[in-house]
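Good morning, colleagues. Please take a moment with the sequence and the model on the screen before I begin.

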Amino acid sequence: METDIRPWGRYEVLLDSPECKVKRLWVNPGHRPSYQYHHKRSEVWTVISGTGLVTLDDKDMEVKNGSVIVVPAGMKHRINNTGRVALVFIEVQYGEYFGEDDIIRIDDDYSR
């Protein structure tokens, strides 16, 4: 399995096929990935542990174990770990392309 360490935590790729890509992501307490969007893919997130705040097109909502978030292509999104333990979620990507170069960052705490 491919694992990638990021400044906000890490992810591992569970499935990479022409139809979809599936990742398990860990966001460290007090951290958040960039506020971003994608042109060529949509995502569905299922939180499996921890708590956080999801921002979708500048609107915030709290999430916890069992929360499901749908992120259509073109929608700005971010997840923020507001808890004391890792926020873990499964991300299913679907669309026409799943490369990391389809990340358009709007705001990033780590200056990427």
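Does His77 count as buried or exposed? I shall answer that directly, and I should say at the outset that this is a predicted model. At 2% relative accessibility, His77 counts as buried, because buried means under 20% relative accessible area.

His77 is found in strand E9, which covers residues 77-81. Setting aside residues up to four places away in sequence, His77 touches Ser34, Tyr35, Gln36, Tyr37 and His38, and also Glu43, Trp45, Thr55, Leu56 and Val71. Tyr35 deserves a remark here: His77 and Tyr35 are 42 residues apart along the chain, yet their C-alpha atoms are separated by 5.5 Å.

One of the contacts of His77 is Glu43, and I turn to that residue next. Glu43 has its place in strand E5. Its relative accessible area is 2%, and Glu43 is therefore buried. With neighbours within four places in sequence left aside, the contacts of Glu43 are His38, Ile69, Val70, Val71, His77, Glu91, Val92, Gln93 and Tyr94. Both His38 and Val71 appear in that list, and both are also touched by His77. As a further reference distance, the C-alpha atoms of Glu43 and Gly74 are separated by 11 Å, with their positions 31 residues apart along the chain.

Let me now place these residues in the overall architecture. The protein chain has 11 strands and 0 helices. Read from the N terminus, the order of elements is accordingly β-β-β-β-β-β-β-β-β-β-β.

What radius of gyration does the protein chain have? The value is 13 Å, and a compact globule of 112 residues would have one near 13 Å, so the two agree. Along the principal axes, the C-alpha trace spans about 35 × 30 × 25 Å. Of the 112 residues, 44% count as buried. Among contacts with a separation of 6 or more, 67% are made by residues 24 or more positions apart.

As to the surface, the protein chain exposes about 6000 Å², and carbon and sulfur atoms supply 51% of that area. The side chains include 15 positive and 18 negative ones, and the centres of these two sets lie 4 Å apart.

Next, the interior. Which residues have the most contacts inside the largest nonpolar core? They are Trp45, Val54, Ile69, Ile79 and Phe89, in a core of 15 residues. At least two residues of this core come from each of the following strands: E2 (9-16), E3 (20-27), E5 (41-49), E6 (52-56), E8 (68-71) and E10 (87-95). Two of these core residues have already been mentioned: Trp45 is touched by His77, and Ile69 is in contact with Glu43.

Phe89 shows the packing in detail. Leaving out neighbours within four places in sequence, Phe89 is in contact with Lys23, Arg24, Leu25 and Val27, with Trp45, Thr46, Val47 and Ile48, and with Ile79.

I come now to the loops, beginning with Ile103. This residue is found in the loop between E10 and strand E11 (104-107). Although Ile103 sits in a loop, it is buried, with a relative accessible area of 17%. Beyond residues up to four places away in sequence, Ile103 touches Gln36, Tyr37, His38 and Arg41. Three of those partners, namely Gln36, Tyr37 and His38, are also touched by His77. Ile103 and Glu43 are 60 residues apart in sequence and 12 Å apart in space, C-alpha to C-alpha.

Which residues of the loop between E6 and E7 have a positive phi? Asp57 has a phi near 45°, and Asp58 has a phi near 70°; neither residue is glycine. Asp57 counts as partly exposed at 34% relative accessibility, whereas Asp58 counts as exposed at 53%.

Finally, the N-terminal end. Glu2 lies in the segment before strand E1 (3-6), and with a relative accessible area of 42% Glu2 is partly exposed. Neighbours within four places aside, Glu2 is in contact with Tyr11, Glu12 and Val13. Glu2 and Asp16 are 14 residues apart in sequence and 9.8 Å apart in space, C-alpha to C-alpha.

To close, I return to the two residues with which we started: His77 is buried at 2% relative accessibility, Glu43 is buried with a relative accessible area of 2%, and His77 touches Glu43. Thank you for your attention.

Conventions. Residues are numbered from 1 along each chain as its sequence is written. This is a predicted model: local features need pLDDT of at least 70, side-chain atom pairs count only at pLDDT 80 or more; totals for chains, interfaces and linings use all residues. Side-chain values use heavy atoms; hydrogens and water are left out. Helices (H or I, at least four residues) and strands (E, at least two) are DSSP runs, numbered from the N terminus. The radius of gyration is taken over C-alpha atoms; the globule rule is 2.2 Å times the number of residues to the power 0.38. Buried means under 20% relative accessible area, exposed over 50%, partly exposed in between (1.4 Å probe, protein chains only). Contact means heavy atoms within 4.5 Å. Accessible areas come from the Shrake-Rupley method with a 1.4 Å probe; for residues, only the protein chains shown count as cover. Lys and Arg count as positive and Asp and Glu as negative; His and the chain ends are not counted. The place of a charge is taken as NZ of Lys, CZ of Arg, CG of Asp or CD of Glu. A nonpolar core is a set of buried Ala, Val, Leu, Ile, Met, Phe, Trp, Tyr and Cys residues joined through side-chain atoms within 4.5 Å.
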